[in-house]
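Here is a quick tour of the model you have open, one chain at a time. Keep the viewer handy and follow along.

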Amino acid sequence: MLELRKDIFADERDDNLKEIGRGTQRQDMLGHVTGTSTYFDDHKLQGMLHLKVLRSPHAHARLRRIDTMEAERSAGVRRIIRGADVPRNLNTLLSLINFGKDDEPSLAVDKVRYKGEPIVAVVADSPREAYEAIAKVRVDYEPLPAVFDVEGALKPGAPVVNETYPKNTFVYHDVYDHQKLRFGDVERGFAEADHVLEQHYQMSPIEHAPTETNGSIAAPDTNGRYVVYTSTQALFFSLDTCAKILDVPSNTFHFIGGTVGGGFGGKVDTLTEPLAILGAMLTGRPVRYQLGREEEMQFGSPRGAERIYIKDGVMRDGRIVARKIRAYFDSGAYTRLSSYAVVKCVAHLPGPYTIPNVHGDVYCVFTNRTPATAMRGFGVTAMDFALECQMDKLAHLVGIDPMEFRILNAYRDGDMKAHRREAKNTALIECVQVAAEKAKWPLREEMRRMSSRKDGGGSRAAVSPTPLEPAPQGAAVSQQRTTYDRAPPATIQPPPPTPTPSPPRPPAPSPSHGATRFSSVFGTRRR
Amino acid sequence: MTKTALQFRHNGRDVALFVDGGVNLLVALRESIGDMTPKFGCGQGGCGACSVLIDGELHLSCLTLAETVNGRAVETLDGLKDGPNLHPLQRAFMEQFAAQCGYCTPGMLMAAKALLDRNPSPSRAEVIEAISGNICRCTGYEPIINAVLAAASGGRARA
Amino acid sequence: MPVTVKTFANFGEAASALSSDRSARYLGGGTLVMRALNEGDVSISTVVRATDRALTRIDVASSRVTIGAGVTFARILAERELAFLHAPARSIGGPAVRNMGTVGGNLFAPSPYGDFTVALLALDATVSVQGGLGARDMPIEEFLQSRERQSGALVLAIACQRPASADAFRYRKIARIKPKGGSVITLAAHLPSSGGRISGARIALGSMAATQIRARAAERALEGRSLDDAAINAAAAVAAEGVSPTDNALGSAWYRREIVGVHLRRLLSGLE
């Protein structure tokens, strides 16, 4: 039972709430039905200019030459923006929490790595004039071999997508090309199992398709500041990202948002704000940058594709004794949030089941596809789909009802999870029981009497002996520190990683980031 | 730049404006008149967020060349209220929780109004057909359909 | 350079304006041209319109019906005499698109759109076109084959024979979203019969090639036969002959080839 420290939080919760089962009106509902809710685009500013972007038609190409001469002279053009105009034209979103290396330009300079990548931005009096100028930009592309398949990208000789990560994998803790989970000995588990089932699953990218496309309007304010109306789902995250890319203190910006026309995770990438603000800085006028629907589909980041291999060992009585998982997350051409999705995925393995031997390897892979991002449970969604398909197949294999098969393997309070943490407040058994009841699915009396609070722990709390594996050879380049606060580029080398058995420890924190106290990415508290 | 003069009725009031050649009605309404209730969702006729009534008929303002409404009557969500009083559809949308992010709501309401103006007591199937050109990505269509049906039956009860 | 809009009261003048300017496009209901402008298509710099009432006329007086190119799908649905065209008209867009989109524009709608044209192709419609050199009627099949070159011409009307019975004309659109969605495959069949035997069958397919096409092998398989299981199976078996579908977000080329026979069988069997 959840314990609430009423002595400390006396005023924090009303114990007499009776909200469940009653309707409570949304505070923004009146605005929605009268059309007065204000989205980013609902601002009419004097002298507003329009920004449009030239995008790569190639999935992978070297940029030999970009000629904007004719476009500069095109009617209505106020400013052409190229990569060299972006103060810090390399960023990665999670650098704000010290995670990952800057790997993505705001405007491509030497190479384009996915179809739809921005190359040149045009700020003009009208959208039409911006489009006309874009048609006059001449780009000399040298198409390069592209790779679209996660496993293809890991093969020797595969095209290097993103030079920041030459092996086409994200690098964890400066060394590791994937995230590992090791608990017990799966090979021994398979040897002892009555049946072994190996299957593979995959999921395509999924576009969020918000009804409102991504966009922002940036306008010069007094005192050298800028007001930014934005569709972002992550206001301060976007604000700090812009401060870093534009190399100004974050109090330069006043971001206004919160009313978003559908996000679902697709509006956390700060896709439009940096260029809109830069446009406003360079022209001194309000600048609007709104994606069209085609752009939203091609350039707006989707939920990433995943490919998942699962090998399970199961006993005739229905106990799963070993689960081995290998999975590849398609990050697209740049990191965005897939590196984090992988960490989250590994933290979710092997699903809500007590399995004595678990082995997980999950890779964040770069391909020449549109960079992937957050979307509703990302990191877990596809894996859960695969795991639950696998559970049905295993149940069928051993001839046990699939609901009962889940109850049998569900974790219970006191069990040891594969992450070497004790399971607490578990409730899968109860969930299955309720689901079965609602679906009028017959469960045997014995199954109806089972409980998450009974029969856990004991031998189920044991950590099985886990064989050690050799540590990876050779240290990768050191992890880059964010410099959005205008500290000089990181020269402090973190201590060389000591070869450690998995799970790896995070590298020593950088002294410049004492403020980062908790990281959901590392799952550790840091000072 | 050459501009085209244009005059039409906007929610019962005459408006006159100049538009650039090729500008669509959505842009004219939002940028020239300042009526922000129709929304840009796709510019392709796929989402219905920009739906307005032209001479009582449901149209997509993003695919309507602005100057083609010269001399005609355009209705948007901005004109749905009667003074301070909400339209029965607006009340029903509130009561039935028929909006979440709210971005499709202006178009949904206009599509629903186009239906009820012609057919005050539609069947569920007719409601589904009437909003079939309007995409909602978060609320889900059930509360919206229920709201339109509720507004219709409410209207009948009062009549 | 902003877009110039030229509006004419007479279709002949509109046709000349259209044929003399390569950057001109004719604006009907707006669902194609405005969409292109919204997406930043700078190849269009002139928009030509005609307010000529001749373009919105419907003539149902005889067994041959004539429909002006500017007639919307909503108007077809309101016309009882055009009941045989209600299924294809209803399968297009939502109500707003049907209030705007026109019969003439549909002739130019690229895959996965252009469903109404599939019906017209099965009905062996005639397309009246006003070009730089005057007006002429051409069979719809010829029109579609030369569609790329027709953008400088103005379509005035289409005409087709009314099917002998409701059963003689059938239409089916396969979409992933109901009631509205882009076409995975669209099928239409005109099955005239005399003495219980099919004579002059025409089967048209949408989303199975760059333009709407006829399934000639399937037509031949039905010729001279009664519409029984054997004939239907024979037609379904060759439905994919001559098709060249492409992959798009609604379905792969492979999938389209796989299911075209299944849906043709259902169409011919009268199954829903």
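Let's start with a bridge in chain B: His10(B) has Val74(B) as its bridge partner in E5(B). Keep in mind that this is a predicted model. The two strands involved are E1 (residues 3-10) and E5 (residues 73-75) of chain B, which pair in the parallel sense over two bridges.

**The sheet of chain B**

That pairing is part of an open sheet of five strands, and reading across chain B you get the order E2-E1-E5-E3-E4, with mixed pairing. Strand E2 (13-20) and E4 of chain B are the edge strands; each has a single partner strand, so one side of each has no neighbour in the sheet. From one strand to the next, the twist averages 40°. As general background, strands of a sheet pair through backbone hydrogen bonds, either parallel or antiparallel.

Now for the helices that go with this sheet. Helix H1 (residues 25-33) of chain B lies across E1 and E2 of chain B, and it runs at about 105° to E2(B). H3(B) also packs on the sheet, where it touches strand E3 (51-54) and E4 of chain B, and its direction makes about 35° with that of E3(B).

**Where chain B meets chain C**

What does chain B bring to its contact with chain C? On the chain B side there are 29 residues, in contact with 22 residues of chain C. The elements of chain B giving two or more residues to this side are strand E4 (57-60), helix H3 (105-118) and helix H4 (124-130). E4(B) gives the most, with four residues. So you've met E4(B) already: it is one of the two strands at the edges of the sheet.

Chain C also touches chain A, in a contact that takes six residues from chain C and eight residues from chain A. Here is how the residues divide by class on three of the contact sides in the model.

| Contact side | Nonpolar | Polar | Charged |
|---|---|---|---|
| Chain B, touching chain C | ten residues | 15 residues | four residues |
| Chain C, touching chain A | four residues | one residue | one residue |
| Domain 1 of chain A, touching domain 2 of chain A | seven residues | eight residues | four residues |

**A strand pair in chain C**

Within chain C, strand E9 (residues 169-175) is mostly covered, with six of its seven residues buried. E9(C) pairs with strand E10 (residues 183-190) of chain C in the antiparallel sense, over seven bridges. If you want one bridge to look up, Arg170(C) has Ala189(C) as its partner in E10(C).

**Chain A and its domains**

The domain assignment of chain A gives domain 1 (49-144 + 208-298) and domain 2 (179-203 + 302-461). Their C-alpha centres lie 40 Å apart. The contact between them takes 19 residues from domain 1 of chain A and 17 residues from domain 2 of chain A.

UniProt, in an unreviewed entry, lists residues 34-145 of chain A as "domain: Aldehyde oxidase/xanthine dehydrogenase a/b hammerhead". Over residues 34-145 the chain is 12% helix and 30% strand, and the end C-alpha atoms are 52 Å apart.

One last stop is helix H11 (residues 402-409) of chain A, which is mostly covered: six of its eight residues are buried. The buried ones are Glu404(A), Phe405(A), Arg406(A), Ile407(A), Leu408(A) and Asn409(A). What covers them? The cover includes strand E14 (320-332), helix H10 (381-398), helix H12 (428-438) and helix H13 (445-448) of chain A.

Technical notes. Residues numbered from 1 in each chain as written. Chains lettered and ligands numbered in written order. Predicted model: local features only at pLDDT ≥ 70, side-chain atom pairs only at ≥ 80, totals over all residues. Contact = placed C-beta atoms within 7 Å. Nonpolar A, V, L, I, M, F, W, Y, C, P; charged D, E, K, R; others polar. UniProt positions renumbered as here; feature names shortened; annotations may be inferred. Buried ≥ 20, exposed ≤ 12 C-beta atoms within 10 Å, placed from the backbone. Pairing = 2+ DSSP bridges. Domains from an automatic or database assignment. Axes fitted to C-alpha atoms, helices over the stretch in contact; angles between N-to-C directions.
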